Amino acid sequence: MQEQLEEEALQKFEQIADNLSDKGYAVVDNFLDLQEVKNLMEVLTHHQEQGTFKKAGIGTADQFQVNREVRGDHIRWIEPENALPPTRVFLDKMDEMMRYINRTCYLGLKDYEFHFTVYPPGTVYQRHIDQFQVNDHRQLSCILYLNEDWLPEHGGNLRLYLPKENGEEETLDVLPIAGRLACFRSNLLPHEVLPATRHRYSLTGWLKDQLNELPFL
Ligand SMILES: O=C(O)CCC(=O)C(=O)O
Ligand SMILES: [Fe+2]
């Protein structure tokens, strides 16, 4: 049983690594199972009840601004050292995935940062690229969706803009369904979050080629 689970996890990592090398993005379903997703939703709800979500901003420290037209989500950063068990399960899987990708894709990944994310109905994140100009250590963007029973009519797609060989772009829409992981090269792919009719929940983060700075030094 354990071996079968490990085999399944490895197959997913392999698919992600292959798709990242071929296309610059990967979308895999059942990255976490439904029970693991439910457990993460309980943690998210707990953080909400504690009032620790904040409106997300754009830009880095000295150019930080909150602009709800551009980006309407609320976020709560994960502190790995204080992570509750369901969050730990997710982070451990990310560690494994990072090691796997490093063996095959040579991105030199060293660390990650993740936050819980809530988009209230009608909010968006307009087209953007995730890598900051002043701090280009974000290599891979990863989003795990937590929305059970999400239907196409609920909206809320992640829209990826993919370059075509003739220089034009095509779009790929990804529904934010529970357990699905979307992953893409942070410096390559513009993307946006379309408005939804329901609250849209996820874990959003980046695998980086530099260790995070210690926050309290
Ligand atoms: O939630 C998503 O699908 C994408 C989020 C995003 O683009 C971001 O937080 O930078
Ligand atoms: Fe983004």
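Colleague: Is Tyr145 buried or exposed?
Modeller: In this predicted model, Tyr145 has 27 other C-beta atoms within 10 Å. A residue counts as buried once 20 or more such atoms lie within that distance. Tyr145 is therefore buried.

Colleague: In which strand is Tyr145 found, and which residues does Tyr145 touch, leaving aside those up to four places away in sequence?
Modeller: Tyr145 belongs to strand β6, which covers residues 138–145. Apart from residues up to four places away in sequence, Tyr145 touches Pro176, Ile177, Ala178, Arg180 and Ser202.

Colleague: What distance separates the C-alpha atoms of Tyr145 and Arg200?
Modeller: Along the chain, Tyr145 and Arg200 are 55 residues apart. In space, the separation of their C-alpha atoms is 8.3 Å.

Colleague: Which residues surround ligand 1, and how do the residues of this shell divide into nonpolar, polar and charged?
Modeller: The residues around ligand 1 are Tyr125, Asp130, Ile143, Leu158, His191, Val193, Ser202 and Thr204. One of them, Ser202, is also touched by Tyr145. By class, the shell comprises 4 nonpolar, 3 polar and 1 charged.

Colleague: Which strands each supply at least two residues of the shell around ligand 1?
Modeller: Among the surrounding residues are His191, Val193, Ser202 and Thr204. The strands that each supply at least two residues of this shell are β10 (191–193) and β11 (200–208).

Colleague: Where does Asn187 lie, and which residues does Asn187 touch beyond those up to four places away in sequence?
Modeller: Asn187 lies in the loop between β9 (181–185) and β10. Asn187 counts as partly exposed because 15 C-beta neighbours lie inside 10 Å. The C-alpha atom of Asn187 is separated by 8.1 Å from that of Asp136, 51 residues apart along the chain. Not counting residues up to four places away in sequence, Asn187 touches Ile129, Gln131 and Asp136.

Colleague: What span should helix α2 have at 1.5 Å a residue?
Modeller: Helix α2 (residues 34–49) has 16 residues. Its end C-alpha atoms are 22 Å apart, which agrees with the expected span of 22 Å.

Colleague: Which residues of α2 are buried, and which are exposed on the other side?
Modeller: Val37, Leu40, Val43 and Leu44 are buried in α2. They cover an arc of only 115° around the axis, so they lie on the same side of α2. An α-helix has 3.6 residues a turn, so residues three or four places apart point the same way. On the other side of α2, the exposed residues are Leu34, Gln35, Glu42, Thr45, His46 and Glu49.

Colleague: What covers the buried residues of α2?
Modeller: The residues to be covered are Val37, Leu40, Val43 and Leu44. Their cover includes α3, β4 (111–119) and β11.

Colleague: How many degrees of arc do the buried residues of α3 cover around the axis?
Modeller: Helix α3 (residues 85–105) has 21 residues and reaches 29 Å from its first C-alpha to its last, close to the 30 Å expected. Its buried residues are Pro86, Thr87, Phe90, Met94, Met97, Met98 and Ile101. They lie on the same side of α3, because the arc they cover is only 120°.

Colleague: Which residues are exposed on the other side of α3?
Modeller: The buried side of α3 includes Phe90, Met94 and Met98. On the other side, the exposed residues are Pro85, Arg88, Asp92, Arg99 and Arg103.

Colleague: Is Tyr106 buried or exposed?
Modeller: Tyr106 is found in the loop between α3 and β4. Its phi is near 55°, a positive value in a residue other than glycine. With 9 C-beta neighbours inside 10 Å, Tyr106 is therefore exposed.

Colleague: What is the phi of Asn30?
Modeller: Asn30 is found in the loop between β1 (25–28) and α2. Asn30 is partly exposed, because 14 other C-beta atoms lie within 10 Å. Its phi is positive in a residue other than glycine, near 55°.

Colleague: How many helices and strands does the protein have, and what is its radius of gyration?
Modeller: The secondary structure comes to 3 helices and 11 strands. Buried residues make up 30% of the 217 residues. A compact globule with 217 residues would have a radius of gyration near 17 Å, which agrees with the protein's own 17 Å.

How values were computed. Residues numbered from 1 in each chain as written. Chains lettered and ligands numbered in written order. Predicted model: local features only at pLDDT ≥ 70, side-chain atom pairs only at ≥ 80, totals over all residues. Helix = DSSP H or I, 4+ residues; strand = E, 2+ residues; numbered from the N terminus. Expected span 1.5 Å × (residues − 1). Buried ≥ 20, exposed ≤ 12 C-beta atoms within 10 Å, placed from the backbone. Arc of directions from axis to C-beta. Near = placed C-beta within 6 Å. Nonpolar A, V, L, I, M, F, W, Y, C, P; charged D, E, K, R; others polar. Rg over C-alpha atoms; globule rule 2.2 N^0.38 Å. Contact = placed C-beta atoms within 7 Å.
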